[in-house]
Each structure stands twice: as structure tokens, then as C-alpha cells.
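The following paragraphs are meant to be read alongside the model, moving from strand pairing to the ligand site and then to some single residues. Please keep the sequence and the coordinates in view while reading.

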Amino acid sequence: MSRNAESTAFRSALEVIRAVEPRVADAIGAELTDQRESLKLIASENYASPATLLAMGNWFSDKYAEGTVGRRFYAGCQNVDTVEALAAEHARELFGAAHAYVQPHSGIDANLVAFWAVLADRVESPALKKAQVRQVNDLTEADWFALRRELGNQRMLGMSLDAGGHLTHGFRPNISGKMFDQRSYGTDPVTGLIDYDRVAEAAREFKPLILVGGYSAYPRKVNFRILREIADSVGATFMVDMAHFAGLVAGKVFTGDFDPVPHAHIVTTTTHKSLRGPRGGMVLCQPELADQVDRGCPMVLGGPLPHVMAAKAVALAEARRPDFADYAQRIVDNSQALAEGLLRRGAKLVTGGTDNHLVLIDVSGYGLTGRQAEQALLDSGIVTNRNSVPQDPNGAWYTSGIRIGTPALTTRGLGTAEMDQTAELIHTVLTQTTAGANADGTASKAKYNLDPDLADKIARQATDLLAPHPLYPAIDLA
Ligand code: PLP
């Protein structure tokens with residue numbers, strides 16, 4: 001495909017938008033400029049391909065398609081069937097999964113689909129069987145009341161938030177915490193690693209219905225074979241949320257015990273992040289859960305988004321190409337180079353390094369909170385996000401950590417030498433930033449001092465680092 005075609009496609013699209021609301025066209029153009037100029041180290045972000053982006057901006061967006069392939073509640077879904085079937089087929093082939101459901105609109109939605117599929121399978125179905133009815137509408141009022149109580153009285157065991165778990169794994173601010181009685185497993189206070197014996201102990205005591213594996217901020221591999229054995233030993237369903245590291249599973253960097261798909265009963269993921277597709281979610285599962293998973297819409301999801309499913313099909317086709325495996329390996333090489341560069345300069349890293357796409361810096365070693373560090377880095381053209389560290393004394397708002405990840409910069413083509421230079425920039429900013437004080441002289445967790453000239457100098461160096469690796473080089477909006 002000619003590079004010209006990409007440029008023409010996006011330029012024409014902006015022209016059409018500009019004719020209706022020029023401020024939107026300007027914002028879209030400005031976003032490209034911002035993304036081109038910033039050193040993006042947010043571990044959950046990436047740059048989707050032009051083909052993926054274009055697959056989303058079309059008339060598929062207008063179509064209602066409740067139901068599943070070949071079984072819709074609306075007429076005229078033959079083309080939606082094509083893209084949904086393609087996305088599911090690519091997902092099954094890519095991950096070696098028995099079943100794929102590609103309708104979830106996001107990672108949170110995928111998790112909700114999975115939770116309700118397990119609840120339906122393990123709690124609702126036995127209740128229907130016991131009452132000798134086919135569906136919930138046929139239950140007596142008393143049986144329905146009892147079933148609703150039972151559905152709301154189940155247990156979940158997942159990774160604690162400050163060890164890197166996700167809010168949707170049973171924490172109170174999220175619906176999952178209101179649905180489930182939740183307990184969490186943390187990491188070893190010395191090594192920072194998951195202690196599988198402690199997980200087994202917690203499972204034995206708590207007897208969860210669902211054991212959740214997966215994380216947003218744990219920089220190491222997880223042994224899913226062991227977690228499955230623990231789940232089996234207490235009769236729990238084993239679910240893995242691989243949202244963060246799906247690209248490493250797709251690219252066969254995580255195989256054997258570290259690939260969740262053969263071990264889990266049900267796997268959820270986002271399709272963006274390291275998988276580099278459109279913003280969206282997906283559920284993979286064993287055959288026995290497939291029917292319940294396919295009821296995700298209208299159980300907890302709004303109608304499917306055919307334009308996003310089309311983009312998922314494109315991105316998953318890209319991930320099946322051999323060069324994606326090379327990309328996934330380079331993500332980890334870069335992450336390890338970044339970690340080594342930081343360690344060599346004296347940074348304190350949670351677990352002392354990384355096996356995956358992310359690095360968690362404990363910025364208390366620089367005398368800063370995560371919030372101060374995040375802002376100082378942003379002033380210097382380096383985009384990261386603050387994150388709790390295990391047993392964080394600063395809580396979830398100010399935090400003591402900075403999470404950085406390499407999927408986006410790896411897509412741009414930066415390599416290990418540039419990661420070392422990135423480590424130098426980060427370390428310089430953090431050593432030159434000092435914690436600020438409140439008006440009454442007390443220590444502030446938000447205010448900080450950084451020489452603006454130094455911040456400008458680092459921002460220029462960050463731009464220089466990016467210059468040989470233009471983002472979307474074929475796209476010229478001028
Ligand atoms: N699960 C994990 C492990 C995540 O890290 C995230 C996002 O940060 C999600 C789920 C939620 O994804 P989304 O933002 O697409 O709902």
C-alpha cells in the first residue's frame with residue numbers, strides 16, 4: 001500500500017470533518033502533533049496502525065447488531081457477521097483459544113461479562129436445575145429472591161491494588177467490589193514477587209468462587225499453571241485478566257506456564273494496550289463457558305460496536321503476522337534496558353527489575369511522591385503515570401511510584417540504546433526535582449521544585465530522541 005494512500009485518507013477525513021465542526025478537526029490534528037512530540041511511556045498506551053484506525057471510522061458505526069453471529073435480534077447484519085466472525089477467528093487462532101467473544105467495549109466490560117458468565121454457570125444454572133425450570137422468568141418469587149441473594153453472596157480472590165491488581169478485580173469503588181465478597185493476595189514484602197504458597201493459603205481459607213490472576217502494575221511474569229492448580233484445589237473458577245500483557249502472549253514471549261490461555265477457564269483482555277488494536281475488550285474461554293459468555297450483551301453490555309469489531313479484526317490479523325512476535329520481544333528487551341539503565345543510575349525499582357513491558361520506579365528513593373514525579377516528568381516532555389507501590393504510605397492518589405512501559409515507544413522503533421538515554425533523562429529529572437512545601441511550611445505531597453530551564457532542556461532532548469522515529473511517517477496533514 002502506498003504511503004500516499006494513508007496520507008490522503010486521513011487528510012480527506014479531516015477535510016470532511018472540518019466542513020461541519022472545524023474545532024473537532026483541529027483537535028484531531030493537534031492530538032497527532034502532541035502524540036508525535038511526547039515521549040510516551042504510559043504502560044497501557046500504544047499507537048494503533050492506520051488500517052486499524054480507519055476500520056473504525058465508517059458506517060458500521062450506524063448498525064445495531066444485538067445477538068451473535070448468525071443469530072441477531074436485528075435484520076440486515078450480514079456484514080457485521082462477517083467482521084465479528086473474522087475478529088473471533090483471528091482471536092482464537094492467535095491465542096489458541098477454544099472460544100472468543102469480541103463484543104466487549106472495554107476491559108472493564110470484558111471483566112463484567114466474565115464475572116456474570118461464571119455466576120450464571122456456577123450459581124444460576126444449578127438453581128434453575130434444582131427448581132426444574134428452563135429460565136429465570138419461570139422461577140417462583142421465593143426462588144427468584146433466594147437466587148438473587150445467592151448471586152450477591154459469592155467470593156473473589158484477586159491481587160491487591162497496591163501489589164499491581166486492578167480496581168475491577170473486586171475492589172469496593174468498582175461494581176465488582178459491590179458484587180463480590182473480596183479478599184486479595186499481595187506480594188512478598190522483601191522480593192516484591194507473588195508468593196504462591198501465600199496465595200494457596202488464602203484460597204484454602206477463603207474458598208473463593210473465582211480466583212483472579214492478572215495485573216496493571218506488576219513487573220514480573222506470573223505462573224498461571226500454579227494459580228490454576230490453586231484454583232482447582234479449592235473448586236474455584238480461574239480467571240485471568242491479561243489486559244496489560246496480551247501483546248506478549250500474542251507475540252509468544254509468554255509461553256508455557258506464563259501463557260494464561262491454556263490454564264485459565266476464562267481470560268479477559270483489552271484489545272488496545274500491548275495488543276495494539278482499537279480501544280475495546282475481549283473474552284476467551286473454555287467451551288463450557290462459551291454460551292454464558294456469548295450472553296454478555298444484553299446481560300451487561302450495550303449493543304455491539306461493529307466498527308470497533310472491524311478494527312479488532314484488522315488488529316488481530318496484524319498480530320498474527322510474524323513481525324508482531326518480533327515487536328513483542330522488542331517491547332521486553334526495551335523494558336529491561338530501561339530498567340537496567342535506571343538501576344545503574346541508582347533508581348529503586350519494585351522487584352528490582354522487569355520481565356514484561358513495564359517498570360515500576362519507587363520514587364521515594366528520590367524523596368518524591370508519585371504525583372510530584374509525574375508532574376516534573378511531564379514538564380520535561382516525558383509522559384508517565386503515578387502508581388501505588390506495595391504497602392504504599394502515600395495512598396492511591398499521591399502514591400510513591402511511577403509506572404513506565406515500552407509498548408508505544410517500541411512501536412515507534414526506539415531500541416535498547418535509546419532506552420538507556422531515556423533512563424538518563426528520567427533519572428536527571430527525578431534527581432533535580434525536590435519536594436515542595438505548603439504555605440504553612442509543612443511538606444506538600446503535590447508541590448515540587450524543578451528548574452524550568454532544565455525541564456525545557458530535557459524536553460528538547462526527548463524530542464531529539466524521537467526525531468529519527470517519526471510517528472505515522474506516512475501521514476502528512478499539512
Ligand atoms: N484490566 C486491567 C488489568 C487493566 O489494566 C485495565 C485498564 O487499565 C482494565 C482492565 C480496564 O480497561 P478499560 O479501560 O478498557 O476498561
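In this predicted model, a convenient place to begin is the pairing of strand β5, residues 154–159, with strand β7, residues 210–214, since these two strands run parallel and are joined by two bridges. Within this part of the model, Met 156 stands opposite Ile 210, a residue of β7. Helix α8, which spans residues 196–206, packs on the sheet and touches β5, β6 and β7, and its direction makes about 170 degrees with that of β5.

The sheet in question is an open one, built from seven strands with mixed pairing, and its order reads β4-β10-β9-β8-β7-β5-β6. Because β4 (99–101) and β6 (180–185) stand at the edges and each has a single partner strand, one side of each is left without a neighbour in the sheet. From one strand to the next, the twist averages 20 degrees.

From this sheet one can pass to Lys 273, which is found in the loop between β9 (266–270) and β10 (281–285). The UniProt record, an unreviewed entry, lists Lys 273 for "modified residue: N6-(pyridoxal phosphate)lysine". Is Lys 273 buried or exposed? Its relative accessibility is 14%, and since a residue under 20% is classed as buried, Lys 273 counts as buried. If residues up to four places away in sequence are not counted, Lys 273 touches Ser 44, Asn 46, Ala 243 and His 244.

Lys 273 also belongs to the residues around the ligand, and the others in that group are Ser 106, Gly 107, Ile 108, His 166, Tyr 215, Ser 216, Asp 241, Ala 243, His 244, Thr 270 and His 272. Which ligand atom is 2.6 Å from a polar side-chain atom of Asp 241? It is a nitrogen atom of the ligand. An oxygen atom of the ligand, in turn, lies 3.0 Å from a polar side-chain atom of Ser 216, while for Gly 107 it is a polar backbone atom that is found 2.8 Å from an oxygen atom of the ligand.

A further sheet is open as well and consists of three strands in the order β11-β14-β13, with antiparallel pairing. Here β11 (358–362) and β13 (385–387) stand at the edges, each with a single partner strand, so that one side of each is left without a neighbour in the sheet. Direction ignored, neighbouring strands of this sheet are turned by 35 degrees against each other on average. The pairing of β13 with strand β14, residues 401–405, is antiparallel and extends over three bridges, and Asn 387 stands opposite Gly 401 in β14. Helix α15, residues 370–379, lies across β13 and β14 and runs at about 45 degrees to β14.

Two residues outside these sheets complete the tour. His 90 is found in helix α4, residues 78–95, and with a relative accessible area of 15% it is buried. Leaving aside neighbours within four places in sequence, His 90 is in contact with Ala 313, Leu 316, Ala 317 and Arg 320. Glu 21, by contrast, has its place in the loop between α1 (3–20) and α2 (22–37), and with a relative accessible area of 27% Glu 21 is partly exposed. The side chain of Glu 21 makes a polar contact, at 2.8 Å, with the side chain of Arg 23.

Key: Residues numbered from 1 in each chain as written. Predicted model: local features only at pLDDT ≥ 70, side-chain atom pairs only at ≥ 80, totals over all residues. Heavy atoms only, no water. UniProt positions renumbered as here; feature names shortened; annotations may be inferred. Helix = DSSP H or I, 4+ residues; strand = E, 2+ residues; numbered from the N terminus. Buried < 20%, exposed > 50% of the residue type's maximum accessible area, 1.4 Å probe, protein only. Contact = heavy atoms within 4.5 Å. Pairing = 2+ DSSP bridges. Axes fitted to C-alpha atoms, helices over the stretch in contact; angles between N-to-C directions. Near = heavy atom within 4 Å. Polar contact = N/O pair within 3.5 Å; in protein donor to acceptor, adjacent residues only side chain to side chain.
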